Amino acid sequence: MIRRVLAVTLSAAVLLAVGVLARADALEHERLDAIAELRALTGQYRDAIQRTDYLAASIEGAEQTTSDRAAVLEVRPAFLTELAALNTALQGADGKVDTATHRASALSVQQTVLAEDDDPATVVAATATIHAITAKIGTEVASWQAAQNPGPGGPAWSTSGPDGYARVRAALDRVGGGGVGLYESSSCAGGNAPACANSNGYIKYRADIAGWSTGRLNWAMAHELAHIYQFRVWGALTSSGSYGALFGNDPEFLANCMAVVRGFPGSVGCNGEQQAWASGIWVGAVR
């Protein structure tokens, strides 16, 4: 009887152990399935995060691009306005001044703007450049126009040619006579004087002085420019006792001294007192 009880007990224990093992095996499978599912979900989550980050970055980039292009479009009308002004200036300069360099520069700037999509500063800088080119052309045309009739009719030059005229003009500008008319003539003292000033405010020069050295040419223009300033105070000048005492009422001597004051001495010098007095004529003061 005891043996039978033991046999039944052992049999039940074996069955229980087998059941436990089976349950443990099932639980292990469930654990592995859960881990696999977790890994899959984790991978999906990471993929979703990456897609979200990518989409967010793409959206941000698109928004920035849209903003940049809107900023470029905002400043382009000003550039187009300057281009229109430049075109007008180029048409006005036709046949008067050489605009080849200006045209090439403007074309290069225009190509830069056409290629620019996202930097408004580039367009703003290009607009300023076009404006500067237009202003430069305007200045050159104004100089050309002033040179056509700087005196009482006639061309600005004849035998000295445009290059000779340009050299004398540059010397006059250099000594401070940028606003003074200039033209070639052989009429100064019947052709005996290389240059002369007219009381109407312009200067004539003999063709050969275009070949003078730079220093000599600068002095000649400073001397003639001094006469222009003398004419402006002529009444007070010729009535001044100091003018007679210091310069012997000689406008040529005074003109030489006035050129010295400007930094362009000729062959005739003057002392400190004479220079001090002559400097006043440049500012319209007769002492």
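Here are three short exercises on the predicted model above, each with a worked solution.

This is a predicted model, where local features need pLDDT of at least 70 and side-chain atom pairs count only at pLDDT 80 or more, while totals for chains, interfaces and linings use all residues. Residues are numbered from 1 along each chain as its sequence is written, and side-chain values use heavy atoms, with hydrogens and water left out.

**Exercise 1.** Work out which elements the protein has, and in what order they run.

*Solution.* Start with the tally: nine helices and three strands. Helices (H or I, at least four residues) and strands (E, at least two) are DSSP runs, numbered from the N terminus. Next, read along from the N terminus: α-α-α-α-β-β-β-α-α-α-α-α.

**Exercise 2.** Find which residues touch the most other members of the largest nonpolar core, and which helix gives the most to this core.

*Solution.* A nonpolar core is a set of buried Ala, Val, Leu, Ile, Met, Phe, Trp, Tyr and Cys residues joined through side-chain atoms within 4.5 Å; buried means under 20% relative accessible area (1.4 Å probe, protein chains only). The largest such core has 40 residues, and Met-221 and Leu-254 touch the most other members. Elements giving two or more residues to this core include strand 2 (195-197), strand 3 (202-205) and helix 5 (214-232). Helix 5 gives the most, with eight residues. Apart from this core lies another, of 17 residues, among them Ala-93 and Val-109.

**Exercise 3.** Find what share of the protein's residues is buried.

*Solution.* Take the 287 residues of the protein: buried ones make up 31% of them.

Definitions and conventions: Buried means under 20% relative accessible area, exposed over 50%, partly exposed in between (1.4 Å probe, protein chains only).
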